[in-house]
Amino acid sequence: MEDCVGFKVLPVKVNENSKAIRHLFLKMHLTRDKCAQKPEYQTLFVLGVPEFCNQKIMKHAFRRCGKVKSVYFHNEPTPVEPEVIPSKYFIPKLIKGFKVAYVVFAHTSGLENALSLKCTESDPFILSTESAPIKNIVNRWCENYNDNIVDVKELQSEIDTYMSEYDKKSAARIQIEKETVDNEDEDGWKTVSKKGRNPGFARKEAIKNNIMKNEAKKKIKKTLKNFYRFQIKETKMNQLMELRNKFDNDKSKIELLKQSRKFKPF
């Protein structure tokens, strides 16, 4: 394999009959932020994975290098642990286009074998295998369409299970809040919650702005305007001064307009 900016370039073909040659970029996964599910010296970092490659295809394709424990896909390189999706129906957005793959081998020898693959454009790496063949685009469309058909009973049971677990968690949280409310700790602090004798409020920006507006309105109501004679006199004088300044400005504007006018017959 050739080297390109620290990556090993692996020429690949979909199957033996395919004429198009693609390229995968391989590298050992090494980051400052450690991830238990992507151990160093066992994880192969792969760039440029086509959209049609799923976990099964990648797992069976790299099995010739060694035993593959798991494969994770991401939109871009990330040290974050892969998200576990327990639901079949409520899943995040699927990755579209080329993606990043992390192939985790069971032993370090698998990673070493993958990085030392001797593949050329005349003898490329074959992605499709008998155990995990790559289907053509029409079959993939049909498979995606069939996957989008929802089993109503299965979906309802999944929703019921989720809601029952949520109700249990919320009931336990409310019980803890009831037990801790109005109880002083060792330092004399009290826990204030939304429920209790003195319920608190959510510390949100919108609520804070509403409180500040109400306080400003109260201050305006408290201030007395034009209550004394001198206040009335001062307001009238200020209004007259503003009108006089406006009149002078308008007068100067009119003079400038008159001066700019010139009679030009030709």
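Biologist: How much of the protein is made up of buried residues?

Modeller: Buried residues make up 24% of the 266 residues. Keep in mind that this is a predicted model.

Biologist: And how many helices and strands are there?

Modeller: The protein has 6 helices and 7 strands. Starting at the N terminus, the elements go β-β-β-β-α-β-β-α-β-α-α-α-α.

Biologist: Why is lysine 221 called exposed?

Modeller: Its relative accessible area is 72%, and exposed means over 50%, so lysine 221 is exposed. Lysine 221 sits in helix α5, residues 205-222.

Biologist: What kind of charge gathers in the surface patch with Lys221?

Modeller: Positive charge: the patch holds Lys213, Lys217, Lys218, Lys219, Lys221 and Lys222. Lysines count as positive, and patch members need over 30% relative accessible area. With 72%, lysine 221 passes that cut-off.

Biologist: Why does leucine 155 count as partly exposed?

Modeller: Buried means under 20% and exposed over 50%. Leucine 155 has 21% relative accessibility, so it counts as partly exposed. The residue is found in helix α4, which covers residues 152-180. Its C-alpha atom is 9.5 Å from that of phenylalanine 90, with the two positions 65 residues apart along the chain counted as their separation.

Biologist: Which residues make the nonpolar surface patch?

Modeller: Phe90, Ile159, Tyr162, Met163 and Tyr166 make a patch of about 540 Å².

Biologist: What makes tyrosine 166 partly exposed?

Modeller: Tyrosine 166, another residue of helix α4, has a relative accessible area of 44%. That value falls between the 20% and 50% limits, so tyrosine 166 is partly exposed. The value also clears the over 30% needed for a patch.

Biologist: Over to the strands. How do you know that β3 and β4 pair?

Modeller: Pairing takes at least two bridges. Strand β3, residues 22-28, and β4 have 4 bridges in the antiparallel sense, so they pair. One example is methionine 28, whose bridge partner in β4 is leucine 44.

Biologist: What about β4 and β6: how many bridges join them?

Modeller: There are 5 bridges between β4 and β6 (residues 99-105), and the strands run antiparallel. With at least two required, they count as a pair. Valine 46 has alanine 101 in β6 as its bridge partner.

Biologist: And which strand does β6 join over 6 bridges?

Modeller: That is β5, again antiparallel. Valine 68 is bridged to phenylalanine 105 in β6.

Biologist: Why are β4 and β5 called mostly covered?

Modeller: In β4, residues 43-49, 5 of the 7 residues are buried. In β5, residues 68-74, the count is 6 of 7. Buried means under 20% relative accessible area.

Biologist: Is lysine 27 in strand β3 buried or partly exposed?

Modeller: Partly exposed: lysine 27 has a relative accessible area of 34%, and the range runs from 20% to 50%. Its C-alpha atom lies 8.6 Å from that of leucine 47, and the two are 20 residues apart along the chain.

Biologist: One last residue. What is notable about phi of tyrosine 41?

Modeller: Phi is near 65 degrees there, a positive value in a residue other than glycine. Tyrosine 41 lies in the loop between β3 and β4.

Biologist: What makes tyrosine 41 partly exposed?

Modeller: Its relative accessibility is 47%, which is not over 50% and not under 20%, so tyrosine 41 counts as partly exposed.

How values were computed: Residues numbered from 1 in each chain as written. Predicted model: local features only at pLDDT ≥ 70, side-chain atom pairs only at ≥ 80, totals over all residues. Heavy atoms only, no water. Patch = residues over 30% accessible without salt bridge, like charges linked within 9 Å, V, L, I, M, F, W, Y side chains within 5 Å. Areas by Shrake-Rupley, 256 points an atom, 1.4 Å probe, with all protein chains shown as cover. Salt bridge = Lys/Arg side-chain N within 4 Å of Asp/Glu carboxyl O. Charge placed at Lys NZ, Arg CZ, Asp CG, Glu CD. Buried < 20%, exposed > 50% of the residue type's maximum accessible area, 1.4 Å probe, protein only.
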